[in-house]
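Reader: Hi! Could you pull up the model so we can chat about its charged side chains?
Author: Happy to, here it comes.
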Amino acid sequence: MITLAGQTIVVIGGSSGIGYAVAESSLQSLASHVIIASSSLDRVNAAVSRLESSAKSAGVSGKVSGRVLNVKDSAQIKSFFDEVGEIDHLVFSSGDALTLSGLKDLDLDSIRGVYDVRLWAPTICAQQAKIKKSGSIVLTTGSVVKKPSQGWSIVAGIAGSVDSLTRGLAVDLAPIRVNCIAPGFVNTEMWDTTPKDVLEKIFAEQSEKLLVKHVASPEEVAEAYLFAMKCAFITGETLHVNGGQTLV
Ligand SMILES: NC(=O)c1ccc[n+]([C@@H]2O[C@H](COP(=O)([O-])OP(=O)(O)OC[C@H]3O[C@@H](n4cnc5c(N)ncnc54)[C@H](OP(=O)(O)O)[C@@H]3O)[C@@H](O)[C@H]2O)c1
């Protein structure tokens, strides 16, 4: 079995949701050092404690570190990678709140910043990270890249750009591999701002509709990130992990 033994993994967005599950799964896959980063000190510290407990329970000895990094600030990204030094894999799963609805009503000039965290930041990270030639980058897009919902044009634009960026980076950074994961509905903290009754309705509807009959756990989706890191023969690909969402 291929493991991440002896490898250092940076997970930007690792304090929560999909990124946290990737950090935890990397430790269980014997990574020697997992470094998580996100913008909130409290969330980073809490996640590091949870990861340390999880690693202890799993009987694995990988080291866990946390760094505060606001990926909206390109100078912070550069200093972060200068401090972290050479790594094996970079996973990027940061995402801030998206409160876009409808297209016609949006003041597009006022929301130019929505591209910063999900598109511009991974581009800068890919440029600045010091990744070993045998290593990889795994980015994050979403099922919206293939199947936008009503009112999601802007998000589809970001997601499609990340999908395309993946292939560009795979060519530019070779032999470092660059892949991307496109999750469907995943039950993470990202949904915490949605009112509970609305969320329950969305998840119930999706569980009924999806071919696999459930919304994903972050751990299920993390498997795809682990595969992208471990399989040395995949690059320039977007893996769709959406429970059949694009077929229904
Ligand atoms: N969950 C889903 O259903 C789903 C589906 C498709 C695609 N996605 C995409 O997958 C990605 C991860 O989603 P998730 O569900 O794991 O969300 P999440 O649980 O909300 O996690 C988002 C992470 O991004 C970090 N973050 C936010 N703003 C940041 C900033 N300025 N700088 C650095 N880090 C920042 C957050 O930490 P801090 O708050 O500490 O900064 C957190 O660690 C997002 O891009 C999301 O759009 C999610």
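Reader: Great. Is Arg167 buried, partly exposed or exposed?
Author: Arg167 is partly exposed, with a relative accessible area of 40%. Keep in mind that this is a predicted model.
Reader: Sure. Which residue does Arg167 meet in a salt bridge?
Author: That would be Asp163, at 3.3 Å from N to O.
Reader: And where do Asp163 and Arg167 sit in the fold?
Author: Both are in helix 5, residues 153-173, and 4 residues apart, so about one helical turn separates them. Asp163 has a relative accessible area of 14%, and it counts as buried because that is under 20%.
Reader: Nice. Switching over, what does Asp82 pair with?
Author: Asp82 forms a salt bridge with Lys78, and their closest N and O atoms are 3.3 Å apart. The two lie 4 residues apart in helix 3 (residues 74-84), about one helical turn.
Reader: How accessible are Asp82 and Lys78?
Author: Asp82 is partly exposed at 41% relative accessible area, and Lys78 is partly exposed too, at 40%.
Reader: What about helix 6, which residues pair up there?
Author: Glu200 and Lys196 do, through a salt bridge of 3.2 Å, N to O. They are 4 residues apart in that helix, which covers residues 196-209. Lys196 is exposed, with 64% relative accessible area.
Reader: Which residues are joined into one network?
Author: Lys72, Asp96 and Arg118 are, by salt bridges that share partners.
Reader: Last one, how many salt bridges are there?
Author: The count comes to 10.

Key. Residues numbered from 1 in each chain as written. Predicted model: local features only at pLDDT ≥ 70, side-chain atom pairs only at ≥ 80, totals over all residues. Heavy atoms only, no water. Salt bridge = Lys/Arg side-chain N within 4 Å of Asp/Glu carboxyl O. Buried < 20%, exposed > 50% of the residue type's maximum accessible area, 1.4 Å probe, protein only.
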